[in-house]
Structures are given as structure tokens and as C-alpha cells.
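Subject: Structure for you to look at

Hello,

Here is the structure I promised to pass on. Please open it and keep it beside you while you read.

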There are 2 protein chains.
Amino acid sequence: MKVTIQDIAKAANVAKSTVSKVLNDSPKISKETKTRVREIMKQMNYTPSSIATRLAKRSSHNIGMLIDMSKESEYMNPFFFHIISGIESVIGPMKYELTIANVQQNDPERNVINRLVRSGRIDGLISNNAIMCDEMVDTLNGLAFPFVTIGEYNSRPVPWADYDNAEGGKMLTGHLLGEGYRDIAFIGGEPLERIFTKRHQGYRQALLEAGIQYREDRIIHGVADENHGYQAVLELLKSDHPPDALVCMNNYTAFGALKATQQAGVAIPGMIGIATFDDYPFSPHTNPPLTSLFIDTFELGATAGKMLIERMNRPDLPFPSLLLQPKLNVRKSTLKNKAGLE
Amino acid sequence: MKVTIQDIAKAANVAKSTVSKVLNDSPKISKETKTRVREIMKQMNYTPSSIATRLAKRSSHNIGMLIDMSKESEYMNPFFFHIISGIESVIGPMKYELTIANVQQNDPERNVINRLVRSGRIDGLISNNAIMCDEMVDTLNGLAFPFVTIGEYNSRPVPWADYDNAEGGKMLTGHLLGEGYRDIAFIGGEPLERIFTKRHQGYRQALLEAGIQYREDRIIHGVADENHGYQAVLELLKSDHPPDALVCMNNYTAFGALKATQQAGVAIPGMIGIATFDDYPFSPHTNPPLTSLFIDTFELGATAGKMLIERMNRPDLPFPSLLLQPKLNVRKSTLKNKAGLE
DNA sequence: TTGTAGGCGTTATCAA
DNA sequence: TTGATAACGCCTACAA
């Protein structure tokens, strides 16, 4: 069978409490005993049972990450690996584990809480803000259970980490303005989406600062996918006075926009500039390459991880929130001034 | 504090062993007691400690998934979410958890084994074959520990699930031949890579079956990334008799190939056909859209999950292995016969 | 510096 | 049908 602390104790001729102290490198144990016991542990290939340790220590040393397989996939998919890696990069060295749990869409949310939190399976929780809901937040806070949201969350006191979407909207729009575009449409996103609101806000502010009239009819709401991008832009280009630039909610929207534009025979970036949120790995590979807003999702994960650990250590501190800065990757699709040069 | 089985027992005026039996729905407990105890559990908001349960049951009810943040990211990135989702879709309903662990590259591999396996943290393991190595396999098998590899593994007895890369090679090459291409180069992949070997084998067989001479100099080895694809194809196109079609190791290679081809002013698919392994989400969005080989990575994950569970239940059965079939998504980049039609 | 005894929250084995 | 009691494998006083 598995070798236990008892076996080691017997083999070393000491009490198991002594072995335990060696395990935890207690200063009360003599150097000699330590080395001797360790030697034996090595010989017998002993690894302490983490489950027993956890039971005794009353801590699972485990962090949970919520995903929604059914719904989030399109949004999370390209970032998931990096986010996970980021989280793992900070909690791994601290000997924490990462447990991934799927949260059913219509399943009463409490289940996750019971399954993960109340059962003591995890000591802390990281979740996408799209999965989180007020009810869950209240339960979690009621339990004084540490958690962090990836993505801004405002309707409740929640610690979160996010990229500065408003600033991102400003950056994209500002860049387009700087290139000389003047009539910029915003494609994709539903009015009530948290993420849309922020991005749109930045867009609007950039216009304001440039002294350009904000036009409600330049905001084309809709699902942020290729099809909507395509349809929306097709429509726009048919109008009498089409915009001369587009800010797209994400790369899929931008694909649709590219397709529609090319189909309509409108030159990019000469006649129209296209910029987009979310720098997917393939943004540089479209035709023309897409100017897009890069967010370091590894860093985002790492930040969320750090915040969570911090929160677990000092639950008394106020809810923190952290805004990371995106980075604009300028590519051909918006280089009006150099159009045709390359 | 947390409410325990003891508290419930007291409140219900029964022994904690009775409560335990209610928890496990033992047939030896009367209906009345069951409902009464359950009522109290609900009232007191009781959730059994999963750690204590596990200690008592000697099972972690937890499955480990190995990742290599440092190295695999490029390969795994686009598939990771789907693979995880697939695994979770089968183990989740069985109340298993999924723990993600990062395996350090140069770290003596044993550490993972100790940390995860010997410590009893997990009951089963799923790993990419690129992370697995013979030493680890031997240790795992020596421990009679159940595990499954995603990706074929042949140098040791290992249960694995994979897509049929040889068949994929045949499909891509066969499709090109069917379109009338005759001189097909294979771009990317190192001779010793397991995955290259298989894909190349299918490529070769397709040529054989079509009665076309296999030419060693049509195999352009190298890292499967954009840069190599670009350089390799640029070189090829400069030669006196360039190939009239390309099979690329992955989408990045294909990007490079596209770029080089366009730069050289060679028409796709009229003058040259380009097809690639791995249907990334952006394959349809290149210019022209890339014919590529789709693999259902959700299904791959699910299959690995099922195999692992099966293996944990009946460790006596011989090592299974499963080959899933890829699907060819034909797009414009290889439609020689319809070139210019669209 | 080491050992003894009890506890962590369940389950499992017997008795009752 | 229920209840004591001893595991499970480790940790933590407290005692020696």
C-alpha cells in the first residue's frame, strides 16, 4: 500500500509527530533527526497525502476557476490558455492548485457555490465577470469567501481585474482621427453589455476631445460576430454618406467588415480605415493586416491570481480593482497616410 | 464555524454514522429518518466537506491535466479551451474535478508525479503527448496509475486518443491531386516530431496511390511557424520548377506560405494550391480562404476523458488507443478547377 | 528536542 | 434500522 507518515516514523524509530515536524521543517527538530528522517523518506519514496494534510490544516490549497462551456467559448476561447497560464504562473509557485469547473447556464447558480465553496474544495475563486451574477456575489460575500472577477464588475462590491476598455476605445478612435479619418462608426456590441458600454464610452470621448460630433446612428449594435459585422458594414456602405472608418468590437466583427468592404470595392485603408478591439493571433494575417488593440491576457490572469492571493491573506482590506493598459498595434488597415506606399 | 456532520447528528438526534448513511442514501435507513435528516441538512445549509470525504474514501475524485506554459502555448493555444471543455463535459457530470497543473520544462519530471500522483491529489491524469516522456510513462505505469495521452504515443504502452494524422495527410494530398495539382510540396515539421511523421506518411501514401513520384526534395523541414513557411516557399518559388501545390504543417506555416506566394505574384489557387493541417478559427478569413483539415478538439478532449474514466474503472484491460477522423474543409485556396469563378 | 494524545470531518465495521 | 467506534493520514498542543 501507500507509505504513510506512520511507516516513516516506525522505520526511523521516532514518533509520527516528529516526522510531521520534519515535514514542516520545524526548528525544534535537531539537524541529525531531520537528515535521518529525510533520508528514510527518500528511501521509502514517501510523499505526504495532500488530502490528509488539507483536512488537518483546514485548507484545500486549491483555487477554482469558473468557465461556461456553453456560452463563453467564442469570447474566451482565444484567451483561455493565456489566462490560465497567467493564473497558474502566480499560484503554482505558491503550491496552490487550479481547478476548472464548468458552471451550467440555467442551473441554479448556487450549485457551484455548494459544490466548490461550501464543500471546502477551494480556498478562492476566479471567474469571468460574464458568469458572475449579483446573487452569486452576495452569497460569496455573505460567506466571506475570497474571489476575484476577470472583467469589471460594478453592480456589487467585487474585486476585479480588467483591461481598460474605455481607454482602449479612446486609443483606437484617437488613432483613426490622427490618421485623418473623420466619420467613424462603431460596429458590434449590445447596449447592455458591460464591455460594450466601456468601449463605446472611450470612443465617444475621443470624438469629443477631437471636437467631432457624436452621432447615435453611427453605432451599429448587434452580436459581435462575423455575420453581423458583414451585414452592418454592407448596409453602411450602401448609404449616401458612408463612414470613412470603423471601430469593431472584436476580430470576428472586423472580419465581417473586411469582407463587406472588399466586396463593395472600397479601398482599405485609402477610402476606409478599419480598427478593432482584441488582437487575436491572426490579426496580422488578414488582408490588409488589421490595426488592433492588444491585451496581454497572460498578465490579466496573473493579476487576477495575485489579487486573489492577496485577498485570501487579508480579507479585511477593501475590495481592490485593477485596470491594465492595452496596447495599440498599428497595421496597414488604418494607415491612410501611407496608403499605397508599402 | 462550518456546520459538520456532527452538528447535523446532534440537531437530528441521531448518530453521525446515521447522517453519513443518509448522505450516501444507504438503503438501510428508514424513509422517515432520511427525510427528517435531509430537512435539517437543508435548514442548516450543510454541505459535506469534500476533503474529509476523500480522506475517508481514499479517493480524490479529481483528474489532473498537464500543461506546459512555456512551450506548448503556440500549439495548444487555439485548442485548449475546447479540449478542456471536452474533458469537463464527461468528467463533470460524474462529479470529478479537473485540476490544471503546469509542468516545468527542465524540472525533473518526477516532481509532477510526486506533487500530483503520489500525494493523492488526483485519481487520473490526462496529458499532451508532447509533455509525456518515457521516464514518466514508466513511473506512472509502475505505480499502476491511470492516465491517457492526447496525441499518439508509441515508444511505450500508453493509452492515447488522437486524430488520424496519417489519414489527414492523405486527405489533404488526395484533395489536391483530385483538383489536378501534380507537384505537391510538404512545408514544415521536423523529421523526428511524432506528428510530422504521421502526417508525412499520409502525404506520401496519397502520392503513391495516385502513382506520383515521391520526391525527398519536396519535403521542406523546419519549425512550423510563419517565418519558416514564408522563407521556405519564397525559396521554392524562385526555383526553376516550383511545385504547383503546398501542404502546410499548420496555419502559421500556411500564413507564411500565403504571404510568400502573394509576394511572388503567383496566383492562388490557379497557379498554386495551398492546403493546411489544423483548421484554426481564422482559416476561413485569409485571402484566399484556406482549405484546411478540421479536427474536433472538443471531441478529442471528451474522448480522452472517457478513456481515462474507463481506465480508472478497469485497470486490467489492455491499453486502448483511439483514432478520430478529421474533416476536410475545402475552401478557395485549392479550388483550381473553379479558379476565378467565384 | 522528542513523544503522547486528540482532533480535522467523513466513512466503514460491527454490535445492538 | 440505528449507534459506537475505529479508521483515513496528517497536524498541534502539551507533556516529558
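First, a term: a polar contact is a pair of N or O atoms within 3.5 Å; within protein, one must be able to donate a hydrogen and the other to accept it, and residues adjacent in sequence count only if both atoms are side-chain atoms. B:Asn24 gives an example, as a polar atom of its side chain lies 3.3 Å from a phosphate oxygen of DNA strand C.

Some ground rules. This is a predicted model, in which local features need pLDDT of at least 70, side-chain atom pairs count only at pLDDT 80 or more, and totals for chains, interfaces and linings use all residues. Residues are numbered from 1 along each chain as its sequence is written, chains are lettered from A and ligands numbered from 1 in the order in which they are written, and side-chain values use heavy atoms, with hydrogens and water left out.

**DNA strand C**

A residue is near a strand if one of its heavy atoms lies within 4 Å of it. Around strand C there are 31 residues, and A:Thr18, A:Lys21, A:Thr33, B:Ile5 and B:Ser20 come nearest. Of the strand C atoms within 4 Å of the protein, 61% are sugar and phosphate. Two of those nearest residues deserve a look. The side chain of A:Lys21 has a polar atom 2.6 Å from a base oxygen of strand C. The side chain of B:Ser20 has an N or O atom 2.6 Å from a phosphate oxygen of strand C.

**DNA strand D**

Here 29 residues surround the strand, and A:Ile5, B:Thr18, B:Lys21, B:Thr33 and B:Arg58 are the closest. Sugar or phosphate supplies 64% of the strand D atoms within 4 Å of the protein; bases supply the rest. Three polar contacts to check:

- A:Tyr46: a polar side-chain atom is 2.8 Å from a phosphate oxygen of strand D.
- B:Ala15: a polar backbone atom is 2.9 Å from a phosphate oxygen of strand D.
- B:Ser17: a polar side-chain atom is 3.0 Å from a base nitrogen of strand D.

**The two protein chains**

How is chain A superposed on chain B? A rotation of 180 degrees does it, with 0.1 Å of shift along the axis and an RMSD of 0.2 Å. The fit is by least squares on the C-alpha atoms of residues with pLDDT of at least 70 in both copies. This is the relation of a two-fold axis. In chain A, A:Thr99 comes closest to that axis, with its C-alpha at 2.2 Å.

Best wishes
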